[in-house]
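Work through these exercises with the structure in view. Try each task before reading its solution.

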Amino acid sequence: AMLNTGAFLLRNSDWSKAFLDRVWGAEDSVWVDHPWWENAAMIWDLLRGNSEKFRHGIDFSGNELDGIYPDEVRIMPQFEFNSYHPATAQNMHDSWTPGKFALAF
């Protein structure tokens, strides 16, 4: 599942506050000049340990996301949370219809 930092929810918790502190980073963060700094910083923070997991093997017999993200993270399908306007979806992405949570522009 691809992350989109343009639309996400956080629970008010110590984990979330620490996550935002890590992602925001220092002024000399390697992500400061990245064109999508917040996306890159969040992806790095959440997924950086996966290379070791893959090197030693992950059991994919269950949910494909088990063990990929920290236990505190839930991934929502785009069609439930961030659908596109029909004019911009152009049959390539999920289109918003009444009853869906959010419309992305």
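## Exercise 1: A buried serine

S16 is a residue of helix α1. The model is predicted.

**Task.** Decide whether S16 is buried or exposed, and find which residues S16 touches beyond four places in sequence.

**Solution.**
- Step 1. Take the relative accessibility of S16, which is 7%.
- Step 2. Compare that value with the cut-off: buried means under 20%. S16 therefore counts as buried.
- Step 3. Leave out residues up to four places away in sequence. S16 then touches L10 and R11.

## Exercise 2: The layout of the chain

**Task.** State how many helices and strands the chain has, and in what order the elements run.

**Solution.**
- Step 1. Count the elements. The chain has five helices and two strands.
- Step 2. Read from the N terminus on. The order is α-α-α-α-β-α-β.
- Step 3. Add the burial of the chain. Of its 105 residues, 20% are buried.
- Step 4. Look at contacts between residues at least 6 apart in sequence. Of these, 29% join residues at least 24 apart.

## Exercise 3: Two helices that meet

**Task.** Describe how α1 and α2 pack: at what angle, and with their axes how far apart?

**Solution.**
- Step 1. Take the geometry. The angle between α1 and α2 is about 120°, and their axes are 9 Å apart.
- Step 2. Classify the angle. Angles of 65 to 115 degrees count as roughly perpendicular, and those over 145 as roughly antiparallel. The angle of about 120° fits neither class, so α1 and α2 are oblique to each other.
- Step 3. Find the handedness. The crossing of α1 past α2 is right-handed.
- Step 4. List the residues that make the contact. From α1 come W15, F19, R22, V23 and W24. From α2 come W37, E38, A41, M42, D45 and L46.
- Step 5. Sort them by class. Eight are nonpolar, three are charged and none is polar.

## Exercise 4: The buried side of α2

**Task.** Name the buried residues of α2 and say what they pack against. Then look at D45: why does D45 count as buried?

**Solution.**
- Step 1. List the buried residues of α2: N39, A40, A41, M42, D45 and L46.
- Step 2. Find their partner. These buried residues pack against α1.
- Step 3. Turn to D45, a residue of helix α2. Its relative accessible area is 12%, so D45 is buried.
- Step 4. Set aside neighbours within four places in sequence. D45 is in contact with F19, R22 and V23.

## Exercise 5: The largest nonpolar core

**Task.** Find which residues form the largest nonpolar core, and which element gives the largest share.

**Solution.**
- Step 1. Collect the nine residues: L3, F19, V23, A41, M42, L46, I68, Y69 and V73.
- Step 2. Ask which elements give two or more residues. They are α1, spanning 14–24, and α2, spanning 37–47.
- Step 3. Pick the largest share. Three residues come from α2.
- Step 4. Follow one core member outward. V73 touches W15 and L46, with residues up to four places away in sequence not counted.
- Step 5. Place the core in context. In soluble globular proteins, nonpolar side chains tend to be buried together.

## Exercise 6: Two residues with distant partners

**Task.** For T5 and N50, decide whether each is buried or exposed, then find what each one touches beyond four places in sequence.

**Solution.**
- Step 1. Locate T5. The segment before α1 holds T5.
- Step 2. Check its burial. The relative accessibility of T5 is 11%, so T5 counts as buried.
- Step 3. Trace its contacts. T5 touches E38, N39 and M42, not counting residues up to four places away in sequence.
- Step 4. Take a distance. T5 and A41 are 36 residues apart in sequence, and their C-alpha atoms are 9.8 Å apart.
- Step 5. Locate N50. This residue lies in helix α3, residues 50–56.
- Step 6. Check its burial. N50 has a relative accessible area of 7%, so N50 is buried.
- Step 7. Trace its contacts. Leaving aside neighbours within four places in sequence, N50 is in contact with G67 and I68.
- Step 8. Take a distance. N50 and I68 are 18 residues apart along the chain, and 6.6 Å separates their C-alpha atoms.

Definitions and conventions:
Residues are numbered from 1 along each chain as its sequence is written. This is a predicted model: local features need pLDDT of at least 70, side-chain atom pairs count only at pLDDT 80 or more; totals for chains, interfaces and linings use all residues. Side-chain values use heavy atoms; hydrogens and water are left out. A nonpolar core is a set of buried Ala, Val, Leu, Ile, Met, Phe, Trp, Tyr and Cys residues joined through side-chain atoms within 4.5 Å. Buried means under 20% relative accessible area, exposed over 50%, partly exposed in between (1.4 Å probe, protein chains only). Helices (H or I, at least four residues) and strands (E, at least two) are DSSP runs, numbered from the N terminus. Contact means heavy atoms within 4.5 Å. Axes are lines fitted to C-alpha atoms, for helices over the stretch in contact, and angles run from 0 to 180 degrees between N-to-C directions. Angles under 35 degrees count as roughly parallel, over 145 as roughly antiparallel, 65 to 115 as roughly perpendicular and the rest as oblique. A crossing is left-handed if the near helix is turned anticlockwise from the far one by less than a right angle, and right-handed if clockwise. Ala, Val, Leu, Ile, Met, Phe, Trp, Tyr, Cys and Pro count as nonpolar, Asp, Glu, Lys and Arg as charged, and the others, Gly among them, as polar.
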